[in-house]
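Trainee: Could you pick one spot in this model and take me through it slowly, together with whatever surrounds it? I'd like to know what to look for on the screen.

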Amino acid sequence: MAAIGLRELKKARTRQLIADTAAGLFAERGYEHVAVADVAREAEVAEQTVYNYFPTKEQLVTDREQQIQDRLCDLIRSRPPAVTPAAAIRDFVLESVDAIRG
């Protein structure tokens, strides 16, 4: 596997910073009370930079959708036979909600 280049690493870090900043602001103030400009200012990037990574405000919320879906599927697939799918994902979901609140 090829090593990730410095440029790609910086882009990934910027994307993560923006997503984390948005999540924190949404948890603190509520989605409706946060503008993309607020996210940019808090992340110390230009508003256009936010839009380069996330074309819409909604995508700031769903950024980790695929990672979460993959994790849920893994938990369901690896559960013991006697455990329901809901029980298999329960702790992960509760921890995720706590992290969002925190």
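Mentor: Start at aspartate 38, which is in contact (heavy atoms within 4.5 Å) with Leu25, Arg29 and His33, once you leave aside its neighbours within four places in sequence. Keep in mind that this is a predicted model, where local features need pLDDT of at least 70 and side-chain atom pairs count only at pLDDT 80 or more, while totals for chains, interfaces and linings use all residues. Residues are numbered from 1 along each chain as its sequence is written, and side-chain values use heavy atoms, with hydrogens and water left out.

Aspartate 38 belongs to helix α2; helices here are DSSP runs of H or I with at least four residues, strands are E runs of at least two, and both are numbered from the N terminus. Is aspartate 38 buried or exposed? Its relative accessible area is 16%, so it counts as buried; the cut-offs are under 20% for buried, over 50% for exposed and partly exposed in between, with a 1.4 Å probe and protein chains only. Now zoom in on its side chain: one of the polar atoms there sits 2.9 Å from the backbone nitrogen of alanine 35.

Next, look along the rest of α2. Its buried residues are Val36, Asp38, Val39, Ala40 and Ala43, and they pack against α1, α3 and α4 (57–61). An α-helix has 3.6 residues a turn, so residues three or four places apart point the same way.

Let's take the pairing with α1. The axes of α1 and α2 are 9 Å apart, and the helices pack at an angle of about 120°; each axis is a line fitted to C-alpha atoms over the stretch in contact, and angles run from 0 to 180 degrees between N-to-C directions. The two helices are therefore oblique to each other, since under 35 degrees would be roughly parallel, over 145 roughly antiparallel, 65 to 115 roughly perpendicular, and the rest is oblique. α1 passes α2 in a right-handed crossing, meaning that the near helix is turned clockwise from the far one by less than a right angle, whereas anticlockwise would be left-handed. On the α1 side, the contact is made by Leu17, Ile18, Thr21, Ala22, Leu25 and Arg29, and on the α2 side by Asp38, Val39, Glu42 and Ala43.

Pick out threonine 21 from that group; it is in helix α1. Threonine 21 counts as buried, at 14% relative accessibility. Not counting residues up to four places away in sequence, threonine 21 touches Val39, Glu42 and Ala43.

Not every part of α1 is hidden like that. Glutamate 28, also in α1, is exposed, with a relative accessible area of 61%. The C-alpha atom of glutamate 28 is 15 Å from that of alanine 43, which is 15 residues away along the chain. Alanine 27 of α1 is partly exposed at 37%. Alanine 27 and alanine 99 are 72 residues apart in sequence, yet their C-alpha atoms are 9.6 Å apart in space.

Follow the chain out of α2 and you meet glutamate 44 in the loop between α2 and α3. What is unusual about the phi of glutamate 44? It is near 60°, a positive value in a residue other than glycine. Most residues other than glycine have a negative phi. With 73% relative accessibility, glutamate 44 is exposed.

Finally, step back to the core. The largest nonpolar core, a set of buried Ala, Val, Leu, Ile, Met, Phe, Trp, Tyr and Cys residues joined through side-chain atoms within 4.5 Å, has 14 residues, and Ile18, Val39, Val50, Phe54 and Leu60 have the most contacts inside it. Two or more residues each come from α1 (6–29), α2 (36–43) and α3 (47–53), with α1 giving the most, five residues. Try selecting leucine 60: beyond residues up to four places away in sequence, it touches Ile18, Ala22, Phe26, Val39, Val50 and Phe54. In soluble globular proteins, nonpolar side chains tend to be buried together.

Methods: Polar contact = N/O pair within 3.5 Å; in protein donor to acceptor, adjacent residues only side chain to side chain.
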